[in-house]
Amino acid sequence: MALRDIKPTRSELIGLKRRIKLSERGYKILKMKRDGLILEFFKVLEEAKTTRSQLNTNYAKAVEMMAVANTVEGSLGVKAAAFSVQQVPMITLKSKNIMGVVVPQITSTSVKKRMIDRGYGVLGTNSTIDDTATSFEDLVESIVKSAEIETTMKRLLEEIEKTKRRVNALEFKVIPEQKAARDFIKMRLDEMEREELFRLKKIKARSMAKANG
């Protein structure tokens, strides 16, 4: 806001004072939102650490069990068991709201299966296949949970950054410029008032001089 473009009028001053109040109110609300989002982010961050650790653990276990199954059953036996699975996991994606931020809510069904529901013959396979299937089911569940938590964390972080930029813009640019404009108008109005008073005094002095002359 360039001061030279401001009209030093009382109506402009009233409008500026109103805009300053709105800006300061908006600043307080956004600052509260930013602080609240940061608290939510750190809560989710702790949960993300736990789910990521569980994901890494389940991944390592699944890889280990796959190696054991390939050794015991052979790669063909493992593939045959894998291809016999008929029921695939179903993923449902919904959304929830955290302080105005829409984040995903992911649920999965049919990930964990009973042994008889896995499709392969129980008598024709080793227990290693069951243990491997269980380890991969655990891994899938960890992936789904981790995807929800980490996407939520990313969305919150994006909203925090956006809110911080708006808070900083109000604090360091918009409000200071509005206050500078307000002070400029006050100064100009005071100057104009003094000039007008001086002009009236001169007129009065001339009038008195003429009257006395």
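**View 1. Ser146 and its contacts in the predicted model.** In this predicted model, Ser146 touches Thr51 and Leu55, leaving aside residues up to four places away in sequence. Ser146 sits in helix α2, which spans residues 127–212. With a relative accessible area of 3%, Ser146 is buried, because buried means under 20%. If you would like a distance to check, take Asn70: Ser146 and Asn70 are 28 Å apart in space, C-alpha to C-alpha, and 76 residues apart in sequence.

**View 2. The stretch annotated as a coiled-coil region.** An unreviewed UniProt entry gives residues 146–173 the annotation "coiled-coil region". In the model, residues 146–173 are 100% helix and 0% strand. The C-alpha atoms at the two ends of this stretch are 40 Å apart.

**View 3. The largest nonpolar core.** Here 11 residues come together as the largest nonpolar core. Its members are Leu37, Phe41, Val44, Ala48, Ile98, Val101, Val103, Ile149, Met153, Leu156 and Ile160. Three elements each supply at least two residues of this core: α1 (10–83), β2 (101–109) and α2. For a closer look, pick Ala48, which touches Ile149 and Met153, again not counting residues up to four places away in sequence. Apart from this core lies another one, of 6 residues, including Ile6, Leu16, Ile185 and Leu189. As general background, nonpolar side chains tend to be buried together in soluble globular proteins.

**View 4. Phe41 and Phe42, an aromatic pair.** The structure holds 1 aromatic pair, and Phe41 and Phe42 form it. A pair of aromatic rings is described by the distance of the centres and the angle of the planes. For Phe41 and Phe42, the centres are 5.6 Å apart and the planes make an angle of 75°. The pair is edge-to-face, because its angle of 75° is over the 60 degrees that this class needs. As for exposure, Phe41 has 14% relative accessibility and so counts as buried, whereas Phe42, with a relative accessible area of 49%, is partly exposed. Phe41 is also a member of the largest nonpolar core.

**View 5. The β1–β2 hairpin.** Strand β1 (residues 90–98) and β2 run antiparallel and are joined by 9 bridges. They form a hairpin with 2 residues between them. In the turn, Met99 has a positive phi of about 55°, a handy backbone value to look up. Which residues of β2 are the bridge partners of Lys96 and Asn97? Lys96 has Val103 as its partner, while the partner of Asn97 is Val102. Val103 also belongs to the largest nonpolar core.

**View 6. Confidence along the model.** The mean pLDDT of the protein is 86, and 92% of its residues reach 70 or more. Confidence is highest in α1, at a mean of 92, and lowest in β2, at 86.

Terms used:
Residues are numbered from 1 along each chain as its sequence is written. This is a predicted model: local features need pLDDT of at least 70, side-chain atom pairs count only at pLDDT 80 or more; totals for chains, interfaces and linings use all residues. Side-chain values use heavy atoms; hydrogens and water are left out. Rings of Phe, Tyr and Trp (its six-membered ring) pair if their centres lie within 6.5 Å; planes under 30 degrees apart count as stacked, over 60 as edge-to-face and the rest as tilted. Buried means under 20% relative accessible area, exposed over 50%, partly exposed in between (1.4 Å probe, protein chains only). UniProt positions are given in the numbering used here, feature names are shortened, and annotations may be inferred rather than shown by experiment. Helices (H or I, at least four residues) and strands (E, at least two) are DSSP runs, numbered from the N terminus. Contact means heavy atoms within 4.5 Å. A nonpolar core is a set of buried Ala, Val, Leu, Ile, Met, Phe, Trp, Tyr and Cys residues joined through side-chain atoms within 4.5 Å. Two strands pair if DSSP finds at least two bridges between them. pLDDT is the predictor's confidence in each residue, from 0 to 100.
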